[in-house]
Amino acid sequence: MGIKPPPSLPIKLLICLVGTGGMIGQLLLLREFFILGTGNELVIGIVLSNWLLLEAVGSLGGGFLGKHVRRTWFLFVLLYVAYLLILPIALFFSRDIIIRLFQVLPGEGVGYFPLFIATCLILLIPVLLHGAHFPISAQIMKRFTPLHNPEGSAYFYETLGTLLAGILFTFVLARWDNIFTVCLVIAIFQLVILGVGGYFLTSRRSMLLFGAAALLLAGYAVPLANYLHETSLIRQWYGKVPVHYSHSYHGNIMVLEEGKEHHFYYDGRPFLSVPYPEIDAIHDFVHFTLGTHPQPEKGLIMGGAHGPFMREMLQHPWHSIIYTEIDPALIRIMDDYFPPSLYEELQDPRLERVYKDGRLYLARTDEQFDYIALGFIEPDTLQTNRYFTHDFFQLVKNRLDEDGLFAFSLPGSYQYLPPALRELNATIHATLHEVFPHVKVIPGELNIFFASEKDITLCADNIASHLEDRQVESDFIHPSHLQFRLSPSRKQWFYSMIRGYGETLNRDFLPRGFYHASQHWQQQFSPTAGRIQQRIEQVPFLAILGVLAGGGLLWLWGTSSMQKKKQAHLPVIIGTTGILGMVFDLVVIFIFQCLYGYVYHMIGLLMGVFMFGAFAGSRWSIPKSKDYNILPLLRKTEGALLISLLFIYLLAHIFSQFMEVIPPFLSIVSFIALSFCLGFLIGAQFPLATRLFRERGRHSSQTAGVLYASDLFGGWAGGLAFSLVFFPFYGLGRTLLILALIKSITFISLLLTQTRGKT
Amino acid sequence: MENIPKKLIIICLIMTVAVVTIMNFSVGDRDDHISAITRATPTADDPGLTKEARFYEALDDNYVQCQLCFRECEIADGQKGFCGSRKNEEGVLYSLVYGVPSAVHIDPIEKEPQHHFLPGTQILCLGTAGCNFRWKFCHNWHLSQRTLEEIGYFHDLPPEEVIEIAKARNVPSISFTYNEPTVFYEYMYDVAEAAQKEDINVVFHSNASMNPEPLRKLMEHVDSVTIDLKGFNQHYYRSISQGDLNVVLENLKIIRESGAWLEVVNLVVPTLNDDPEEIRQMARWIKENLGAHTPLHFSRFSPSYQLTSLSPTPVDTLEKARDIALEEGLLFISIGNVPGHTHNSTFCPECNEMLIDRHHFTVRAVNIENGSCTSCGYDVPGVWE
Ligand code: SF4
Ligand SMILES: [Zn+2]
Ligand SMILES: [Zn+2]
């Protein structure tokens, strides 16, 4: 056997598929956790950070195995098949792990901590397996192909597979409702390739069995996928089978049916029930705001204004209302579950539904409105926070007539506002007031906000007479109710509660509204986490900068005085690049979400391109590092990383400020390019630093391990800190500033390092 | 060659400075808009240990045993009871929430809910911090599942001032609600006693978990009570809230005996306590022990506190619960928290005419005169003037 070398295509294909499988698994699990975390994007940070760490541990384990187990092909196949088997199991249990593990009640939510533990547990086995694959793949590559750089080409094909998976996911698989179908289709494909490819590689007939297994699986794939999907959903949703479950561009939509009632869920959270919605809130909002308006004729409603809400709106004598949703897919899907009478009423010729993201619509329309409102949404995700920022309010102002009215609501209370809600209301109030000279609030369970360029009179008689003139029928708007809602003492109480709060405005890239809304959410589950958060908030930003700068200078002084151990600073450089690597990956995702809100769909492409960028970067730098003195090159990459921080900042703001002129296509292309470039820079640095390290130091394998470990630990800690604290609380600018400070210090340390020959 | 690093240094330093400057400019610090909208603000200083608790016993080693509620916490020196509102300081038990309500509002009495007690009038509501139960769907968790320290917000409001506010605002009743009033018993008692002297009605909304002695004493000054009967299943009480159903049932009987008006609320939470058989048993028990005329409110759950992903109770379930209670012979069964539902109103058990036309918290018409149905003369139990 094996007289002539086997063709290398099968092995390349197999390794490529390892990458594809890994990426698809990562994306599917990520989205499940995203739903468990009720759409809070910070979960992405938790999952990706933990993934990175586990994958690295797996890779170390794989390297160890590869050295000690001689049957590498067997090992390769074992890992390959084990991952295929374990992924659907992990997906299956990801849906109800929190319920089983933390013994929560049906429908009980959880805080970050249980989510963190749950992600670790669910990711543990599949990610370790996947991580272990890489070193084995490299060995297999070496064994089956005459290539001179087997590690490099294993890396290439795996990354290629990752990129393909990202593209495939975003353009095709992301919209498949049943994640198990995705998972099984990929598995079948992988098994076929394993069977056929394995046969060509090893000439063992037994390999063909995998192909047979694939055929068998293909025969049962549909029922199997359906079974897994339904069973896991039943376990997740306390015994109920969703009548609708789909992934739109913006998130997960689910409908539960109970008798004649339908409950609509978005990203795992119920937001509307028909035919019994929270009708009192709808009446209050619609009729108070429209009753305050002397003559609403042309309206724009964006987000959270579903059926029953819109029906109330239509009671007023509009010329036209334009209605958009944060997730346009909701509009169509909900129609199917509305009672016929409601559906009929919504077919009103004055109502124009625009199946477009509301913010984008607002940015690009030329129309003027005399009434603009947000339905029942709150800034508790980055996706919705886009509708509560200074930048957004400015857009609203541009499209609102001078005597027009802008209205929305925020969560409040009839009894008492906890600090996070005070912060939230105060922050948004201040932000709104920055744009509109006149802002008023009717406090209650829902605080109704009014803003205008003209003075607003909130007066019970006024509202009542407007409603009467327009022949609006509402059982809710009764004189005693108006008196209750508009009570001056309640208003006074509200303002006294928010006094002294909301010091920082809510901006696109300083999402304080989101921060406080998710803080409030968090505090429901864990007062302790809330207290920790408060401690963190109290640390002045300048103190962080000061400590970093001081520590950095000390470190610089320390390392430069140790002339003989010049490589001592390399682990720090690599560690900080590790932080940047994770942060860059996340920052593109978060910026995209802050601007466009459909990262749920785009995440595959963005992550795939980023990883491919990292690969390209390393390809670019490896040959360069062979030639001669690489220190200048390392300095250049370090400098480029520093500049890229500024670049990210500028780009983000350009996109937010010029949303109306930048075509959506261009923005997507730009984000892909950004992902690639950032990945490239990160990827380029690691080989250079490693090379320098080897070149300079006494390189025992132990110290090389230190380098690798610092990269990883930096990435893991950086990813968590970035997504849980820095981005939501300090915002993009200050976070990049901290990174810039850190990187300037390591950059200076590189500049202080003597070039070779002078030592 | 040698020049490159220097150039790089300069470029990068300039870039860093640029980054720092631009970024600091963009971080918007708010100026003075808030001050433009503020008025008075309540204090948040520590009220301190001012009021010794009632109903407790000193034990050895500076331990005390609180005997206010069924829990009978044994509290070590320096520690707080389960409710977080009572603290042992050197063998003396103090109430931490006496005279320091964190929420003071004027609400319609329908919000309580109270349907047969002065409909359409207002109540002055007081709530403090803490609770001796742990329901995970508590709508007022901000108050009930936190200590005063954690809330850090209260009004300094001694009993006399509560009475003054009620008189000044012309509110006929004072209500202790929002959080569990048991945990601020001393304050509630003193306000109730003072209110009685001034002919102001006293209402409270509770989980009925006090010990019999303090409850009987309190009832001497109380006119009307709303009790949450969260289910009719000891396991449900125990496992989800660390409560005790039997205590609640015994207390309901005590309240009934006291002669005060009593209404019972049952929050129907899907999958947790919506078993029709339990609802039947509960209705039967109410009829036998409290009387068929006791108003029973089936209230709709909607996602709150930690039960964020559980969908609201189907209205169908509530209607079925109402049918069951009717079958068991109860006379006044309403459906709560479904604004606009017919059975938010009160109907005459005799002639089926609408006695009180109620829409959510608004009373639109009362067809009761001198305590009788205006169309058939049926004597409607309750307090009408
Ligand atoms: S009132 Fe509080 S301290 Fe007293 S027994 Fe009950 S829970 Fe314990
Ligand atoms: Zn109440
Ligand atoms: Zn009658």
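How many residue pairs are in polar contact across the interface of chain B and chain A? In this predicted model, the rule finds 26 such pairs across that interface, both residues of each pair being at pLDDT 80 or more. The side of chain B that touches chain A draws at least two residues from each of α1 (3–26), β7, α2 (141–144), α3 (148–151), α10 (315–327) and β17 (362–366) of chain B, and α1(B) gives the most to it, with 12 residues. By residue class, this side of chain B divides into 34 nonpolar, 23 polar and 15 charged residues. Overall, 72 residues of chain B are in contact with 82 residues of chain A, and the two chains bury about 6,700 Å² between them, of which 62% lies on carbon and sulfur atoms.

The interface of chain B and chain A also holds 5 salt bridges. A salt bridge joins A:R490 to B:D107, with the closest N and O atoms 3.1 Å apart. A:R490 is among the buried residues of helix α19 (residues 488–498) of chain A, which also include A:W493, A:F494 and A:Y495. The buried residues of α19(A) pack against α16 (419–435), β10 (438–442), β11 (446–452) and α18 (479–485) of chain A, together with β7 (103–108) of chain B. Following α19(A) is A:G500, whose phi is positive, near 85 degrees.

The largest nonpolar core comprises 283 residues, and those with the most contacts inside it are A:F406 and B:I174. Helix α1 (residues 9–36) of chain A gives the most to this core, with 15 residues. Apart from this core lies another, of 44 residues, among them A:I282, A:L290, A:F309 and A:I477.

Note on methods: Residues numbered from 1 in each chain as written. Chains lettered and ligands numbered in written order. Predicted model: local features only at pLDDT ≥ 70, side-chain atom pairs only at ≥ 80, totals over all residues. Heavy atoms only, no water. Core = buried A, V, L, I, M, F, W, Y, C linked by side-chain atoms within 4.5 Å. Buried < 20%, exposed > 50% of the residue type's maximum accessible area, 1.4 Å probe, protein only. Helix = DSSP H or I, 4+ residues; strand = E, 2+ residues; numbered from the N terminus. Contact = heavy atoms within 4.5 Å. Buried area = accessible area lost by both parts, 1.4 Å probe. Salt bridge = Lys/Arg side-chain N within 4 Å of Asp/Glu carboxyl O. Polar contact = N/O pair within 3.5 Å; in protein donor to acceptor, adjacent residues only side chain to side chain. Nonpolar A, V, L, I, M, F, W, Y, C, P; charged D, E, K, R; others polar.
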